[in-house]
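Please open the structure in your viewer and keep the selection tool at hand. This tour goes from stop to stop, saying at each one what to select and what is there.

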Amino acid sequence: MEEECALNFEQYEKLKGTPIRYGQAIQLMHHNSHKFLVYDLNHVSDYETDNLKISLKTEYSEESCFRILPCYSYQQESQGNIYDDDTV
């Protein structure tokens, strides 16, 4: 586990400050608590039953990896960066 954490931190340092690209795997960390945003495949949201439940957890897991996918024809996964105009 320590080796995986070291590899994750090394990857973080390498990618820090680079633009996020469509299709790239990302992890979202809460700034104050340093916990990862994770999704739960076995539970739905308390407020929107069409969506999965999300929470904050201290440990890394496969459920803390997210991908931002393009939803419009002008946004292509291979094209590149995500800009402020593309986010809601």
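Begin with the largest pocket of this predicted model, which holds about 800 Å³ of space. To find the pocket, select Asn 8, Gln 11, Tyr 12, Ile 26 and Gln 27, which are the closest to its centre among the 22 residues that line it. Next, colour helix H1, residues 2–15, and strand S1, residues 25–26, since these are the elements that give two or more residues to the lining of the largest pocket. Of the elements, H1 gives the most, with six residues in the lining. If you then colour the lining by residue class, you should find 14 nonpolar, seven polar and one charged residues around the largest pocket.

Now step back and show the whole chain as a cartoon, where you can pick out one helix and four strands. Following the chain along its sequence, you will pass these elements in the pattern α-β-β-β-β. The chain has 88 residues, of which 11% count as buried. Among the contacts in the chain with a separation of 6 or more, 52% are between residues 24 or more positions apart.

For the next stop, select Ser 64, which sits in the loop between strand S3, residues 52–57, and strand S4. Is Ser 64 buried or exposed? With a relative accessible area of 0%, Ser 64 is buried, because burial is assigned under 20%. Add Gln 27 to the selection, and you can trace a polar contact of 3.3 Å that joins the side chain of Ser 64 to that of Gln 27. To see the surroundings, also show Ile 26, Leu 28, Phe 36, Leu 37 and Val 38, which, together with Gln 27, are the residues that Ser 64 touches when those up to four places away in sequence are not counted. Two residues of this group, Ile 26 and Gln 27, have already appeared on the tour, as they are among the residues closest to the centre of the largest pocket.

Stay in the loop between S3 and S4 and select Glu 62, which is also placed there. Glu 62 is exposed, with a relative accessible area of 56%. A distance drawn from C-alpha to C-alpha between Glu 62 and Gln 27 should read 9.8 Å, although the two are 35 residues apart in sequence.

Move on to the loop between S1 and S2, where you can select His 34. The relative accessible area of His 34 is 51%, and this residue therefore counts as exposed, the cut-off being over 50%. From His 34, draw a C-alpha to C-alpha distance to Lys 57, which comes to 8.9 Å in space for a separation of 23 residues in sequence.

The last stop is a pair of rings, and the count of aromatic pairs in this model comes to one. Select Tyr 39 and Phe 66, whose rings are arranged edge-to-face, with 5.6 Å from centre to centre and 70° between the planes. The pair links distant parts of the chain, for Tyr 39 lies in strand S2, residues 36–44, and Phe 66 in strand S4, residues 66–67, the two being 27 residues apart. If you show the surface here, note that Tyr 39 counts as partly exposed at 22% relative accessibility, and that Phe 66 likewise counts as partly exposed at 22%.

Methods:
Residues are numbered from 1 along each chain as its sequence is written. This is a predicted model: local features need pLDDT of at least 70, side-chain atom pairs count only at pLDDT 80 or more; totals for chains, interfaces and linings use all residues. Side-chain values use heavy atoms; hydrogens and water are left out. Rings of Phe, Tyr and Trp (its six-membered ring) pair if their centres lie within 6.5 Å; planes under 30 degrees apart count as stacked, over 60 as edge-to-face and the rest as tilted. Buried means under 20% relative accessible area, exposed over 50%, partly exposed in between (1.4 Å probe, protein chains only). A polar contact is a pair of N or O atoms within 3.5 Å; within protein, one must be able to donate a hydrogen and the other to accept it, and residues adjacent in sequence count only if both atoms are side-chain atoms. Contact means heavy atoms within 4.5 Å. On a 1 Å grid over the protein atoms alone, a cavity is a set of points where a 1.4 Å probe fits but cannot get out, and a pocket is an open set with protein on both sides within 12 Å along at least five of seven lines; lining residues have an atom within 4 Å of a point. Grid points are joined across faces, edges and corners, and a volume is the space filled by probe spheres set on the points. Ala, Val, Leu, Ile, Met, Phe, Trp, Tyr, Cys and Pro count as nonpolar, Asp, Glu, Lys and Arg as charged, and the others, Gly among them, as polar.
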